[in-house]
Amino acid sequence: MKATTDPQSGYCSETKTFHSLRPIVPLPPESQPLSFPSFALSLLRHSPPPSPSTLAFIFPSSISISKSLSFPDFLSLTKSLSVSLRLRLRLSKGDVAFILSPLRLEIPVLLFSLLEIGAVLSPSNPLSSPSDISRQIRLSRPKIAFATSSTAASLPPDLPVVLIDSDDFRWMFIDRGGGGSEDPPPIEVIRQSDTAAILFSSGTTGRSKAAAIPHRSYIAMVAGFREPAAETAEVTMLLAPLFHTMGLFLCLKGVALGETTVMAAAERFEVGAVAAAVAEHGVTVLAAAPTVLVALERAAAEEGIVVRLESLRRVFVGGAPLLREAAERFARRFRHVRIEQGYGSTEAGGIARTRREDECESYESVGKLSENLEAKIADPVTGELVGVGQQGELWLRGPSIMKGYIDDDDANALTFTSDGWLKTGDLCRFDENGYLYVVDRIKELIKYKAYQVPPMELELILRSLPHISDAAVIPYPHEEAGQIPMAYVVRKPGSHIDEATVMDFVAGQVAPYKKIRRVAFVDSIPKSPTGKVLRRELVSHAISASASKL
């Protein structure tokens with residue numbers, strides 16, 4: 001850092017750049033050929049290795065029956081499958097494998113095997129619409145797809161498909177290439193800059209884009225998560241889908257750091273099943289969307305599950321805003337559990353997180369800038385770089401950043417500056433202590449007359465009203481103002497709160513131009529698997545409802 005960098009905020013007034021306040025994490029030289037699996041195995045060899053009995057993955061298929069893989073079994077199966085992928089399927093470096101499957105214990109083995117041979121992962125949400133899947137396949141151009149009997153019909157007929165739930169696929173773990181004496185072709189040299197995964201981004205706000213993520217991105221993020229050896233290994237329960245950047249990374253991290261990962265299907269989340277799995281497997285870390293934290297706190301008040309969560313030490317939340325009131329209620333209920341927040345994106349990886357006890361006390365902040373990252377804050381209108389305490393678009397530069405969007409020059413030109421900074425599209429600010437605050441998505445700002453209204457700010461206010469269990473705010477077309485803030489509100493059971501009360505409550509806490517000017521009451525708010533509000537669906541609903549009245 002330069003002498004003009006403030007050691008408290010990390011801001012350099014000369015370059016108008018915010019630097020991470022975390023210690024610099026040494027990374028392998030960029031020129032060194034290295035795949036993520038090779039890096040992960042090197043960490044396992046040079047750290048206290050997990051014992052042969054340590055489980056790498058646990059898949060609680062019900063409260064009492066589990067399937068699991070020990071580290072020796074996981075590594076052995078990965079090696080066997082990588083041979084079969086090369087011999088039987090003729091996959092090699094650069095070949096794209098499209099993965100369309102619900103959560104299964106075979107998936108982590110498949111992911112590591114593909115990465116080990118230099119193939120490119122392209123996981124997709126099995127609940128995606130046929131049009132979304134068709135677009136994703138056009139962008140990623142896979143050589144092969146891995147699916148299940150229930151999802152294969154969503155794939156085009158000309159794409160070769162391997163069924164993960166078939167005997168043929170299971171035989172690939174044993175056969176190692178078809179029973180012949182042929183040796184598999186050697187694994188080509190894999191460089192850190194080579195693409196490891198193609199992940200699909202921005203499906204909630206527009207057409208999906210295909211982000212190419214290099215091996216170095218996962219290497220850098222895992223290196224940043226290495227901590228001094230703890231007395232006992234972490235057992236992390238992952239309630240995030242593996243087609244999502246958070247779920248995929250935490251799955252890879254668990255192997256590299258010798259941790260046990262308990263995998264659960266986020267779309268089938270049940271409080272009782274989660275509490276039972278935490279108790280049965282001694283889960284110490286729960287990684288999930290804020291909605292899970294809220295559900296656990298409510299269930300604890302109603303069902304008394306606190307005892308079943310005694311092993312839990314940390315809850316890591318990300319993917320959506322965490323309401324302060326919800327965090328405080330959880331903290332009072334589970335005094336032995338620390339709430340940690342994280343903020344990241346498909347394009348940038350892990351951007352910020354809270355780590356130490358004192359950092360976790362600031363619920364409004366998503367934490368401090370991650371290791372080896374630099375940031376700038378740019379005024380979204382003028383593009384002028386601004387400093388501490390000022391809002392603007394967050395720009396990032398560092399080793400975890402994506403390579404770019406595939407076959408989308410226009411999106412890349414809008415996303416990257418000429419000198420390589422990634423524009424996140426998020427409206428953010430840093431405070432004087434280097435804490436980062438996410439205000440909203442710039443694209444989702446409501447344009448009311450000459451003002452910009454962040455819907456997330458209004459949603460936090462609405463959710464603080466005792467009569468409201470959930471809320472979302474959208475832009476509603478207006479002839480004179482351009483757009484007005486409209487709220488979709490979910491009442492708590494027994495509540496009869498009306499539109500006027502909702503609007504008056506918000507009006508008493510915001511500037512006049514931010515007031516809610518229209519309210520609709522609904523049974524639930526549509527959200528993504530990670531808890532993000534699907535505003536596009538609500539906008540379509542609002543416009544169609546208005547048209548039907550004409």
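**A buried arginine, packed helices and aromatic pairs**

In this predicted model, Arg 22 counts as buried, because its relative accessibility is 9% and the cut-off for burial is under 20%. Arg 22 is placed in the loop between strand S2 (17–19) and helix H1. Which residues is Arg 22 in contact with, leaving aside its neighbours within four places in sequence? The contacts are with Arg 353, Thr 354, Arg 355, Arg 356 and Glu 359, together with Lys 368, Leu 369, Ser 370 and Glu 371.

The loop that holds Arg 22 leads on to H1, and the packing of this helix can be followed next. Two packed helices are described by the angle between their axes and the distance between the axes. For H1 (residues 36–46) and H7 (residues 245–256), the angle is about 40° and the axes are 8 Å apart. H1 is therefore oblique to H7. On the H1 side, the residues that meet H7 are Phe 36, Ala 40, Leu 43 and Leu 44; on the H7 side, they are Leu 252, Val 255 and Ala 256. By class, the contact of H1 with H7 has seven nonpolar residues, with no polar and no charged ones.

H7 also packs against H3: the axes of these two helices come within 11 Å and cross at roughly 80°. This angle makes H3 roughly perpendicular to H7. Pro 108, Leu 111, Phe 112 and Leu 115 of H3 make the contact with Leu 248, Cys 251, Leu 252 and Val 255 of H7. Here the residues divide into eight nonpolar, no polar and no charged. Leu 252 and Val 255 of H7 thus appear in the contact with H1 and again in the contact with H3.

How many of the 11 residues of H3 (residues 106–116) are buried? The count is 10 of the 11, so the helix is largely enclosed by the rest of the structure. Among the buried residues are Glu 106 at the start of the list and Ser 113, along with Ile 107, Val 109, Leu 110 and Leu 114. The H3 residues named above in the contact with H7, Pro 108, Leu 111, Phe 112 and Leu 115, are buried too. After H3 comes Gly 118, with a positive phi near 90°.

Burial is also seen in a strand. In S9 (residues 195–201), seven of the seven residues are buried, and the strand is mostly covered. S9 runs antiparallel to strand S10 (residues 209–214), and six bridges join the two. In this pairing, Ala 197 has Ile 213 of S10 as its bridge partner.

Turning to the aromatic rings, the model has 11 aromatic pairs. The ring centres of Phe 18 and Phe 430 are 4.3 Å apart and the planes lie at 20°, so this pair is stacked. Phe 18 is in strand S2 and Phe 430 in strand S22 (residues 422–430), so the pair ties together parts that are 412 residues apart in sequence. Phe 18 and Phe 430 are both buried. By comparison, the rings of Phe 169 and Phe 173 have centres 5.2 Å apart and planes at 85°, so that pair is edge-to-face. Phe 169 and Phe 173 both belong to helix H5 (residues 167–175), where they are four residues apart, about one turn of the helix. Both Phe 169 and Phe 173 are buried. One aromatic cluster is formed by Phe 36, Phe 57, Phe 74, Phe 112 and Tyr 218. Two members of this cluster have already been met in the helix contacts: Phe 36 in H1 and Phe 112 in H3.

Methods:
Residues are numbered from 1 along each chain as its sequence is written. This is a predicted model: local features need pLDDT of at least 70, side-chain atom pairs count only at pLDDT 80 or more; totals for chains, interfaces and linings use all residues. Side-chain values use heavy atoms; hydrogens and water are left out. Axes are lines fitted to C-alpha atoms, for helices over the stretch in contact, and angles run from 0 to 180 degrees between N-to-C directions. Angles under 35 degrees count as roughly parallel, over 145 as roughly antiparallel, 65 to 115 as roughly perpendicular and the rest as oblique. Contact means heavy atoms within 4.5 Å. Ala, Val, Leu, Ile, Met, Phe, Trp, Tyr, Cys and Pro count as nonpolar, Asp, Glu, Lys and Arg as charged, and the others, Gly among them, as polar. Buried means under 20% relative accessible area, exposed over 50%, partly exposed in between (1.4 Å probe, protein chains only). Two strands pair if DSSP finds at least two bridges between them. Rings of Phe, Tyr and Trp (its six-membered ring) pair if their centres lie within 6.5 Å; planes under 30 degrees apart count as stacked, over 60 as edge-to-face and the rest as tilted.
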